[in-house]
Each structure stands twice: as structure tokens, then as C-alpha cells.
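User: I am new to this structure. Please take a close look at its open sheet, and tell me how it is built and what surrounds it.

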Amino acid sequence: MESKPLARLDDPLAPAREATAEMLRSRQRNFSLPQPFYNDERVFALDMQEIFGKEWLFAGMTSEIPTKGNFMTVEIGDNPVILVRGNDGQVHGFHNVCRHRGSRLCVKEKGKVAKLVCPYHQWTYELDGRLLFAGSDMGENFDLNQYGLKPVQVKTGGGFIFVSLADEPPAIDDFLATLNHYLEPYDMENTKVAVESSIVEQANWKLVIENNRECYHCNGSHPELLNSLQEFDDTDDPRATPAYKALVAQKQADWDAQQVPWQLKRFGKRNRLTRTPLLDGAVSMTMDGKPACQKLMGRIQNADLGSLRILHLPNSWNHFMGDHAIVFRVLPLGPQQTLVTTKWLVHKDAVEGVDYDPVEMRKVWDATNDQDRRLAEENQRGINSKAYEPGPYSETYEFGVIDFLDWYGERLLENLGSTAPELKVVQG
């Protein structure tokens, strides 16, 4: 029997690209997305290619790799990445793939090395990615210079590390400069991770973000969080009460006196920074509203700084208080599976058991994360039903969700190469 050559697969997702772009162009704005965006393998593959493969992603904190040779790894879909502090003191990013036969170089989440050595055949790389050693068996004509590690785009700001798998990622420098300014009081290079947790949610990554972008559900679901959290995002929040606005004005005067930035800053719908008070009398996101760490961060003298909230789409939200900070990272694992990592940061000289109790520090967000996990998973189960159809968002309670999906739709259309200038507004 004569064998037939394999068909050339130019783009197996081409039909899905066209169908996805059409769903985005024709969807009802201010409604949830059509079902395939939450559970279809092909749409998920497009999300990984066109959003997580092209946008800037929050990966970790610079203080996690403080000195030469410190490294951390992160998995972005099928793309493992190494972040390492180089001899020059800068954070470098590389695909965590040996140029010999493709094995992962670093198999641990964090560590410290003199050189990057592949555990498979001991090919050895400098911290700047240059191949130093490949063994004598490669032959005398083997050119080490042709087989350095493949770089990944890396930028830092305010202690955050962002990576992009794209050759030409979108502009981010203005946001990074603002991060540097707003986080200057915290001296982020001199912090450490006091506690870290990771949970896997059986839900699409967009449902995880949607849940975070509204507090419509907070009263019914988050008793621990509401011991300290104001449910309003900022004074622009259409639900903000006169009492909240008066508290904001009082606190802003205090923050000005301490030279602590608080003004609301937006960078399109992708990034936002805003400092907002906690409940009157609360200074930290703890069960009793009291500081979780007695040693304050950076140059801060007063723990009562409210919460500096930082949003970075598509995969991070964060809270910075006077005594500690909490950073969140979202990474998709599958169409209905998402990894959510939470890190609690304190001053690097804070002593566990003396300045802070890690068990007490994490109680509020451990409870909140688990509550949000259950909400997202139940949301996913309902969306999987044949009865599901997109439903309307509240323009007052869920404006943050509307903004997120507008951003997502615009970026996905642009990255797909769609010629549609904008989403159509279809009246329901």
C-alpha cells in the first residue's frame, strides 16, 4: 500500500480564529461571553497564543531573586521560563529549554546557582544565557556562540517582574515608571516573601479574573475580607457613599503629609493603581484589622495607609498596606483549570514569630481565596450547561468586569489580526 505524505498544517486553529473573532465582533457588550470562551479547547489555545503569548504577564517579585545566581521559574502554558539575577545585577529571562535536546534546565521553582547547568547532559550556560560548555563530544568545529539560551522579554518596575513571550510586546514603560513612584515608600528590593500559597481552581482563567473584578458577591461570600475591606474601588465608583468619600478625603490629607502617592492612575483598561482606605479603624487585611507585621515596610512610619490596589491584566491584582503586601498571580492550566498563586510580602528584616505570625497573616486571604475558588467553580459548572446563555452585567456593581472583557475582546481581536476596528454594540 502506497503511503501518503502528511498534509501541511499551516494553522490548525485558522477556523477557530475566524469563528472566535466573529463571536467577539457580534457579542452583546455588557453581557458575559458566549460559552466557548469559557470551556472550548480551541478558544483556550487562542487565549494562550494571543493573550498569554503576547501580553506582558506578572511573573514574580525582584526580591525573590535578590542576588547574583538567584533564579525562579514560571510555566506559561507549554512555555517554561527562567528568571535569573545576572552578574550585572539585572533580571534576565530565558526560555527554560536547553539548546541541546530541549530538556528543561531548571526543574525547581527557586534556587541559587553559579551557572545554569542542564541536568540531562550537563550543557552549561552563563547567567546571561551564553553557552559555556557542551562537552568534547560535539566535535572541534562546534560553535558555542550559536547555541545560547533563547531570551524572553523582561521588564521590572516597583519590585514587580513582568515577562512577555512576544518579540514585540505592547508598551508598558509608563506603567512601570508609575509603579516605581507609587512603590518607592515600600522599598520593594528590601522585602521578602513571608508566606506563599497556590491553589488550582477548576474554572477558566477569565472566570477567576471576572470574580476578582467585582465585589457584588462580597457581602454574601467574604465575611473575613469584609472585616477590613471597603467594597468600593475608588471615589469614581458609582456606588461610593458620601461617608466613604469623606473618609477618603481625610485619609488623602494624611497620605499627602507622609508623601505617600494615592492618586487614581489608569493606563487604559489594562492597568490601574489607586489607594483607598480600609474600614475606619482597620489598618491591615487581617481578621481584626490590626497590623499583621510589627515592622513596617520601607520608609513607612504609619501603618494606616489603606490599601494601594494595583491591577495588571491579564493576570494579577495586588494589595499594598503599611505593614505587608499581598500579590496575586493567575496562570491558566487548561480550558477549565487555573493556578492562582498568592504571596505575602514583609520587610526583609522582619522576624517570623517576633514581628509576624504567618498563620495569622494569611487567614483572611486563605479564606477569601477558597471562597472565590468555590464561586468560580460553580460558575464554570453552570456555564457548561446547555442552558447557559450570556447574561447581563450590572453597570454599577460589575463595571470592572465589563472593563476586563472589553480589554480582553479588544486585545484578542487585535492580536488575532482582525480588521474589525472595535466591538459592535448589539442591543439586547
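Analyst: pLDDT is the predictor's confidence in each residue, from 0 to 100. It applies here, as this is a predicted model. The chain averages a pLDDT of 93. At least 70 is the score of 95% of the residues. Two stretches fall low. Residues 418-428 stay under 50, and the model has 17 contacts beyond four places in sequence for them. Residues 1-8 are below 50 too. That stretch has zero contacts beyond near neighbours in sequence. Where pLDDT is low, the predicted coordinates should not be read in detail.

Now the sheet. It is open and has seven strands. Their order is β11-β17-β16-β15-β14-β13-β12, and the pairing is antiparallel. The edges belong to β11 (191-201) and β12 (265-267). Each has a single partner strand, so one side of each is left without a neighbour in the sheet. On average, neighbouring strands are turned by 15 degrees against each other, direction ignored.

Take one pair inside the order. Strand β13 covers residues 271-276, and strand β14 covers residues 307-312. Six bridges join them in the antiparallel sense. One residue to find is T276: its bridge partner in β14 is S307. A helix packs on the sheet as well. This is α4, residues 173-183. It touches β12, β13, β14 and β15 (316-320). The direction of α4 makes about 165 degrees with that of β14.

Back to the edge strand β11. Its residue E196 meets K110 in a salt bridge, at 3.4 Å from N to O. K110 sits in strand β5 (residues 110-112), so far along the chain from E196 that 86 residues separate the two. Both ends have some exposure. K110 has 33% relative accessibility and counts as partly exposed. E196 is also partly exposed, at 32%.

Other salt bridges give a comparison. The count comes to 28. One of them joins E50 and R17, with the closest N and O atoms 2.8 Å apart. E50 is in helix α3 (residues 41-50) and R17 in helix α1 (residues 14-26), 33 residues apart. Both residues are buried. They also belong to a network of salt bridges with D11 and K54.

Another salt bridge pairs E360 with K363, again 2.8 Å between the closest N and O atoms. Both lie in helix α8 (residues 358-383), three residues apart, about one turn of the helix. E360 is partly exposed at 37%, and K363 is partly exposed at 35%.

How values were computed. Residues are numbered from 1 along each chain as its sequence is written. This is a predicted model: local features need pLDDT of at least 70, side-chain atom pairs count only at pLDDT 80 or more; totals for chains, interfaces and linings use all residues. Side-chain values use heavy atoms; hydrogens and water are left out. Two strands pair if DSSP finds at least two bridges between them. Helices (H or I, at least four residues) and strands (E, at least two) are DSSP runs, numbered from the N terminus. Axes are lines fitted to C-alpha atoms, for helices over the stretch in contact, and angles run from 0 to 180 degrees between N-to-C directions. Contact means heavy atoms within 4.5 Å. A salt bridge is a side-chain nitrogen of Lys or Arg within 4 Å of a carboxyl oxygen of Asp or Glu. Buried means under 20% relative accessible area, exposed over 50%, partly exposed in between (1.4 Å probe, protein chains only).
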